[in-house]
Amino acid sequence: MDRIPLVDYLVLGDDPHLVANECTSCGARYFDRRSACASCGLQDFRTVEIAGTGTLRSFTIVHFAAEGVEVPFVAGLVDCDGTSVRGNVVNVPPDPEHVTLGMKVRLTTVPVGTDEAGVEAVGYGFEPAS
Amino acid sequence: MAENVWILGIHMTNFGKHRDKDILDLGSEAAIGALQDAGVGIKDIGVLGAGNLMGRGGFGQLLQKQIGQTGIPVYNVTNACATGATALRVAIMAVKAGETDMGLAVGVEKLAGAGLLSGNVRAAEGGHWVRDGRYGAVAPLDGRVGTETMPGVFAQIGMEYGHRYGGADFELFAGISEKNHAHSTLNPKAAYQKRFTLDEIMNDMMIAYPNTRPMCSANCDGAAAAVVVSEAKLRTLSLEQQRRAVKISASVLTSDPYQEACQVLPDVNTLTRQAAATAYEQAGIGPEDLDLVELHDCFATAELVHYDNLSLCEPGGAVDFFKSGAPWRDGRTPVNVSGGLQSKGHPISATGIANIWEIATHLRGEAGERQIADAKVGMAHVIGLGSACGVHVLEKSAL
């Protein structure tokens with residue numbers, strides 16, 4: 001079955017990982033495409049792989065969201081070896097007893113759905129690494 | 001050095017539900033109230049800064065049809081939750097630049113019943129995946145890659161502070177909300193004037209942990225307006241006008257400079273720190289000189305980080321600052337004695353002028369039951385995500 005990543009910066013395959021556009025001058029990293037670097041203003045980027053493990057630096061447990069968004073879910077900010085990544089914390093009960101600041105997490109893939117052509121969209125999240 | 005600018009008149013409508021009033025009614029009420037408070041008329045005004053975020057645009061000219069079409073320049077501005085402060089700064093800058101000696105700024109919003117802000121409604125899925133936007137997303141990302149809701153974003157901002165410095169737990173954040181709701185009982189203009197116990201706050205509906213419903217700013221209707229005047233012009237006015245005028249000792253607007261994590265979680269800290277540092281320098285005062293502060297508590301989790309960002313405490317000391325009782329109205333540095341956005345309400349574009357009204361009212365000694373005794377210097381802070389931060393320092397007239 002064909003698969004498509006939820007976002008351009010998710011690379012699927014045997015070893016799913018995230019990539020970023022890194023400024024070749026100052027090293028600032030961006031998940032979206034930028035016209036120029038927001039940090040230094042230069043315009044040359046290269047693609048780099050983001051570490052697949054990290055530390056949960058912040059989170060919230062969303063109980064009330066826009067229509068169609070399944071709740072509750074855990075939204076988090078993960079420090080992946082110096083690069084901050086936004087993602088849901090998955091495969092863990094969504095409560096503050098199980099999700100804690102500073103916990104170690106690792107990247108995992110999450111199914112999003114399948115379209116009429118049978119193509120499966122795949123997203124990502126972070127799960128406890130212990 | 002450009003000359004000083006003063007607030008000559010200022011007015012805030014009651015915040016809450018105004019079912020029978022539209023943005024023009026509310027904006028007019030605020031503008032006419034500010035002119036009356038200033039003791040001047042619309043023909044004395046040389047510039048209009050007009051703020052409204054959720055309307056159809058062109059608010060300033062529509063307002064003129066209600067209060068006087070005098071042909072003066074109108075600047076319609078939007079800057080997220082800092083829209084009101086931005087409109088005010090337009091008027092201040094025009095006066096400072098010498099283009100006119102008197103300006104008017106108005107901010108208004110109709111927001112009662114608006115519900116949750118941000119977060120996209122997710123359409124029914126089907127058809128074929130199509131990559132869209134600068135992330136090439138094939139489906140909406142809200143809820144799939146973190147959260148885009150305001151309560152969730154600001155929850156993470158507070159939790160990150162907790163991760164960095166420790167001590168910021170659910171109960172602490174709820175305590176901040178307890179303080180602001182307690183303060184609101186003395187403010188007849190607040191949308192909600194009800195005191196809540198800590199238990200009531202913690203056991204209310206969870207919106208985005210750790211923010212429960214009473215820990216979120218209240219969507220409501222409201223407007224605020226201010227008349228600003230040059231110091232030279234002020235000295236030609238009556239002694240009573242001079243006595244009630246409030247000096248704008250600092251007026252600062254910043255945007256968010258690049259920080260490593262700002263692409264995944266808005267950084268509300270750096271631009272606030274920079275705005276505060278510039279404001280203290282402009283005013284020639286330090287945080288210890290502040291008799292009261294109105295800061296942007298759009299969520300209880302946000303108030304905590306701004307204690308630190310505005311240097312009301314030592315770096316990293318916001319938790320201890322709160323626990324010491326300092327930001328309560330009888331504490332060392334009273335914060336949000338109006339009740340803050342959690343109870344006073346947050347009609348977005350009015351907020352950045354309404355917080356100035358609160359400070360000015362205390363400096364004039366006209367705050368009634370909630371008056372902070374002998375208030376001489378105050379600070380008003382507002383932040384709009386995206387981001388924009390406005391900080392004003394106000395001083396009581398020496399007369």
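## The largest pocket

Let's start with a hollow: the largest pocket has 38 residues in its lining, and those nearest its centre are B:Gly115, B:Cys216, B:Ser217, B:Ala218 and B:Asn219. Keep in mind as you explore that this is a predicted model. The space in the largest pocket comes to about 870 Å³.

Which helix gives the most to this lining? Helix α4 of chain B, residues 150-165, does so with three residues. Sorted by class, the lining of the largest pocket holds 24 nonpolar, 10 polar and four charged residues.

## The second largest pocket

Now for the runner-up. The second largest pocket has a volume of about 450 Å³, and 22 residues line it. Nearest its centre lie A:Arg86 from chain A together with B:Tyr135, B:Cys262, B:Gln263 and B:Val264 from chain B. Its lining is made up of 15 nonpolar, two polar and five charged residues.

## Where the two chains meet

Next, look at the interface. Here 42 residues of chain B are in contact with 54 residues of chain A. About 4300 Å² of area is buried between the two chains, with carbon and sulfur atoms giving 58% of that. Of the area that chain B buries against chain A, 17% is supplied by B:Trp129, B:Arg134 and B:Tyr258, more than any other three residues.

How many salt bridges link chain B and chain A? The count is three. A:Arg57 forms a salt bridge with B:Glu160, where the closest N and O atoms are 2.8 Å apart. Helix α4 of chain B also gives the largest share of the side that touches chain A, namely seven residues. That side of chain B divides into 19 nonpolar, 15 polar and eight charged residues.

Methods:
Residues are numbered from 1 along each chain as its sequence is written. Chains are lettered from A and ligands numbered from 1 in the order in which they are written. This is a predicted model: local features need pLDDT of at least 70, side-chain atom pairs count only at pLDDT 80 or more; totals for chains, interfaces and linings use all residues. Side-chain values use heavy atoms; hydrogens and water are left out. On a 1 Å grid over the protein atoms alone, a cavity is a set of points where a 1.4 Å probe fits but cannot get out, and a pocket is an open set with protein on both sides within 12 Å along at least five of seven lines; lining residues have an atom within 4 Å of a point. Grid points are joined across faces, edges and corners, and a volume is the space filled by probe spheres set on the points. Helices (H or I, at least four residues) and strands (E, at least two) are DSSP runs, numbered from the N terminus. Ala, Val, Leu, Ile, Met, Phe, Trp, Tyr, Cys and Pro count as nonpolar, Asp, Glu, Lys and Arg as charged, and the others, Gly among them, as polar. Contact means heavy atoms within 4.5 Å. Buried area is the accessible area (1.4 Å probe) that two parts lose on being put together, summed over both. A salt bridge is a side-chain nitrogen of Lys or Arg within 4 Å of a carboxyl oxygen of Asp or Glu.
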